[in-house]
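Trainee: Hey, I'm new to this one. Could you walk me through it?
Mentor: Sure, have a look first and then ask away.

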Amino acid sequence: LVAGDEDAFRRLGYDLWLGGNRLCEVIEKGIAPAFADLGLDVKHGRVEIFEERRAIEICTRFLHEMRLLLPPPAADAPLAIGGTAEGDPYTLPTAMVELALREAGWRAESYGTGHPLRTLKAAIETVRPRLFWLSISHVSQRESFVRDFRLLHDAALSRGVALVLGGRGVDHDLRGRLTWAFCADSLTGMVDFAHRLRAASLRALSSAASAPPS
């Protein structure tokens, strides 16, 4: 990544995936640790900012390529949407969530970065997904974030939407002040929760279909 060797990066990613790893595992075993180290190198002046930005573009293209390689989700697959809040410009985490959920059979759509929480509330109310994820890498205005997040939570709760949080910005303080259906410590954990949620929904539909008429 630092050298800008896109072909080598792609080969490493494909080797992990074709070796039997889920995409969430490819990201956690390879991509996420690489960018964590890269961020530290930038912070300590060992890597130039342009090299980090170039690496992000390389990874973005790889994620898009993998998205095109996955079979399209079924028309009746559950819908998941998500993104980041205002002041959080990090594009890779939400794109990674979208890719991992699509591999897991969801109609997952990332709405991108930098949304006011009030418009994400409107997205929940309008689109009516089964799952909504909020990727949190950075919180610029903590008090207003906590206040507006309550509106997001209430909209999700009233419509039966599972609200999922994750990201390096979810610290101990935020965990204690926010309410959610699931807070993911890892991408694999989020995908596993999505599997359980989908299985529970299918069981509920099966039970409703087989119940005798009242």
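Trainee: So how many helices and strands does the chain have?
Mentor: The chain comes to eight helices and five strands. Helices (H or I, at least four residues) and strands (E, at least two) are DSSP runs here, numbered from the N terminus. Keep in mind that this is a predicted model, where local features need pLDDT of at least 70, side-chain atom pairs count only at pLDDT 80 or more, and totals for chains, interfaces and linings use all residues. Residues are numbered from 1 along each chain as its sequence is written, and side-chain values use heavy atoms, with hydrogens and water left out.

Trainee: Okay, and in what order do the elements run from the N terminus?
Mentor: The order is α-α-α-β-α-β-α-β-α-β-α-β-α.

Trainee: What radius of gyration does the chain have, and what would a compact globule have?
Mentor: The chain has 18 Å, which agrees with the value near 17 Å for a compact globule of 214 residues. That radius is taken over C-alpha atoms, and the globule rule is 2.2 Å times the number of residues to the power 0.38. Along its principal axes, the C-alpha trace spans about 70 × 45 × 25 Å.

Trainee: How much of it counts as buried?
Mentor: Of the 214 residues, 41% do. Buried means under 20% relative accessible area, exposed over 50%, and partly exposed in between (1.4 Å probe, protein chains only).

Trainee: And what about contacts between residues far along the chain?
Mentor: Among contacts with a separation of 6 or more, 76% come from residues 24 or more positions apart. Contact here means heavy atoms within 4.5 Å.

Trainee: Changing topic, how are the charges placed?
Mentor: There are 26 positive and 27 negative charges, and their mean positions are 6 Å apart. Lys and Arg count as positive and Asp and Glu as negative, while His and the chain ends are not counted. Each charge is placed at NZ of Lys, CZ of Arg, CG of Asp or CD of Glu.

Trainee: Let's zoom in. Where is asparagine 21?
Mentor: Asparagine 21 is in the loop between helix 1 (6-18) and helix 2 (23-43).

Trainee: Is asparagine 21 buried or exposed?
Mentor: Asparagine 21 counts as buried because its relative accessibility is 15%.

Trainee: What does its side chain make a polar contact with?
Mentor: The side chain of asparagine 21 makes one with the side chain of lysine 29, at 2.6 Å. A polar contact is a pair of N or O atoms within 3.5 Å; within protein, one must be able to donate a hydrogen and the other to accept it, and residues adjacent in sequence count only if both atoms are side-chain atoms. A polar atom of the asparagine 21 side chain also lies 2.8 Å from the backbone oxygen of leucine 16.

Trainee: Which residue does threonine 188 pair with through its side chain?
Mentor: That's glutamate 28, with a polar contact of 2.7 Å between the two side chains. Threonine 188 sits in helix 8 (residues 187-210) and counts as buried at 14% relative accessibility. Leaving out residues up to four places away in sequence, threonine 188 touches Arg22, Cys24, Glu25 and Glu28.

Trainee: Glutamate 25, then: where is that one found?
Mentor: Glutamate 25 is in helix 2, and it is partly exposed, with 22% relative accessibility. Not counting residues up to four places away in sequence, glutamate 25 touches Gly20, Gly30 and Thr188.

Trainee: What's the story with tryptophan 180?
Mentor: Tryptophan 180 is in the loop between helix 7 (172-177) and strand 5 (182-184). It counts as partly exposed at 29% relative accessibility. Beyond its neighbours within four places in sequence, tryptophan 180 is in contact with His153, Leu163, Leu165 and Arg175. A polar atom of its side chain lies 3.3 Å from the backbone oxygen of leucine 178.

Trainee: Last one: what is the phi of arginine 128?
Mentor: Arginine 128 has a positive phi of about 55 degrees, although it is not a glycine. You'll find arginine 128 in the loop between helix 5 (117-127) and strand 3 (131-135). Its relative accessibility is 53%, so arginine 128 counts as exposed.
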